[in-house]
Structure formats: structure tokens, C-alpha cells
Amino acid sequence: MSPIAAHLEDVLSRITRATTAAGRADGSVRLLAVSKTFGADAVREAVAVGQRAFGENYVQEALDKIEALAGETVGAEPLEWHFIGPLQSNKTRPVAEHFDWVHSVDRLKIAERLSAQRPTHLPPLQICLQVNISGEASKSGVTPDEALAVARAIAALPNLTLRGLMAIPEPEDDPARQREPFKAVRDLFDALCADGLALDTLSMGMSGDLEAAVAEGATMVRIGTAIFGARDYGAKA
Ligand SMILES: *Cc1c(COP(=O)(O)O)cnc(C)c1O
């Protein structure tokens, strides 16, 4: 078994254990494999053992990979590409044209551009609104106070489907304290649903905190390092 296949198996069993421990239904948490900085060959190794959804942060790197892997399938299904990195407005077009999901929508203007640029022969682009739960000025995402108004406006746009919320809390080693920001995102998600928005996705949890995220209701965890290994940003260019 390749190292990537073995790591994937480990991550899937971490997800299963966390799901069971939380009393949640088996299969209620999807794995997004974050392949940024790794090449098409690494993605192919994951595809070979059934991984279908991949997360990318850098537009040009992702486009090259998507092209290299066109035609790859899991079962009869094509791969699913999720954009999860900071998105500038001058880069929305290729994202609207080549991705299936965007988790990192952090202002209405970005959603409006994605909506206008999404080719109408494709299914709607699946969207998560990124929330800045730690309240740091340096972090992207809408504040919890802004979330309802922005979510409503995004949900009204054509060619997009608003699926839920995404958050990246500050790294925290203590498992008990890891849960606090995830719980805040979950509470916000519940409030938006109570307000009538039809949301089904909570994108939260990474290699170091997926158990805490699943305990607080994550439906999609975004895992890079635990599958592909440590990233070497220097080698990217
Ligand atoms: C890189 C990245 C991940 C993966 O993080 P790991 O700690 O490597 O699992 C998840 N989400 C986002 C938004 C990322 O940029």
C-alpha cells in the first residue's frame, strides 16, 4: 500500500471513530483531501483508493492539476474540485469555470462575480460562506454579525447554491479548547437555518483538530498534512 493510501485509511478511521463518539450517523462527515502543493501523481494515488473530493488553495496550481487529471474517475463519477484558499476578485473567473465548490467566499462581491461567471451549462457552483470566528482583523471571513445578511444575499444569486459555512479557527493544541470556536460556528449555522436558509454543510476541521470539529457537527473536514505529509512551499514554484 502506498503511504498516501495508508494515511487515507488512517484519516478515514479517525473520522469514523469521531463520528461514532459524537453519536452521529456513519457517513455523515465527508473527507475533503487537501492536495495543495502536491502534484497530480499524489492525487492519483488517493483516487486509486477511492478518494474523490480534493481541495486546492492556489488558482494556477489547481488549474494545472485539474487539467492533468481530467478523465480520472472514482466509480463512474468525475473528481470533485473544491477551492478553499483566499480568492481575489480578479481570479474568480477560472474558479467559476473549473471548480465544483468554493468554501472561501468571504464577501458578497466575490459571490456576485462567481455567479455571473459560472457557465450556465454547468451545475450551480456549491458555496460555503467563510466566517471569521476568532474575530482577528488578519483573518478572512465575514463576522458572525454580518453572516445572516450576506448569506441571504448569496442564496438569492443565480448559478450558485449556498450550502453552508466554513471556518478556520486559530491552531490550538488543547482538544477541549479546540471545540469552542467550532461550537460558535455551529451555533451560527443553526441560527441561519432557523432563519429559513436551507444549509447542509459545515466545512470545518483540519489534520490537527478534526475530532473536535466532528464533535461539534462538521459535515466536511479538510485534511491535507495527515494524508499527503508536510507541505514544502518552497518547492511549489
Ligand atoms: C491547507 C488547508 C487545510 C489543510 O490543513 P492540514 O492542517 O494540512 O490538514 C484545510 N483548510 C484550508 C482552508 C487550508 O488552507
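Mentor: A polar contact is a pair of N or O atoms within 3.5 Å. The model is predicted, with local features needing pLDDT of at least 70, side-chain atom pairs pLDDT 80 or more, and totals for chains, interfaces and linings using all residues. Residues are numbered from 1 along each chain as its sequence is written, and side-chain values use heavy atoms, without hydrogens or water.

Trainee: What makes Ser 207 a polar contact of the ligand?

Mentor: A polar side-chain atom of Ser 207 lies 2.5 Å from an oxygen atom of the ligand, and the limit is 3.5 Å, so the pair is a polar contact. Thr 225 also has a polar side-chain atom 2.5 Å from a ligand oxygen. For Arg 222, a side-chain N or O atom is 2.9 Å from a nitrogen atom of the ligand. The protein buries 89% of the 390 Å² that the ligand exposes when taken alone (Shrake-Rupley method, 1.4 Å probe).

Trainee: Which residues are around the ligand, and how do they divide into nonpolar, polar and charged?

Mentor: Among them are Val 34, Lys 36, Asn 57 and Arg 231, each with a heavy atom within 4 Å of the ligand. The shell divides into five nonpolar, four polar and three charged residues. Val counts as nonpolar, Lys and Arg as charged, and Asn as polar.

Trainee: Why is the pair of Phe 38 and Phe 228 called stacked?

Mentor: Rings pair if their centres lie within 6.5 Å, and planes under 30 degrees apart count as stacked. Here the centres are 5.4 Å apart and the planes at 25 degrees, so the pair is stacked. The pair links distant parts of the chain, 190 residues apart: Phe 38 lies in the loop between β1 (30–34) and α2 (40–48), Phe 228 in helix α9 (residues 225–228).

Methods
Polar contact = N/O pair within 3.5 Å; in protein donor to acceptor, adjacent residues only side chain to side chain. Phe/Tyr/Trp six-rings, centres within 6.5 Å; stacked < 30°, edge-to-face > 60°. Helix = DSSP H or I, 4+ residues; strand = E, 2+ residues; numbered from the N terminus.
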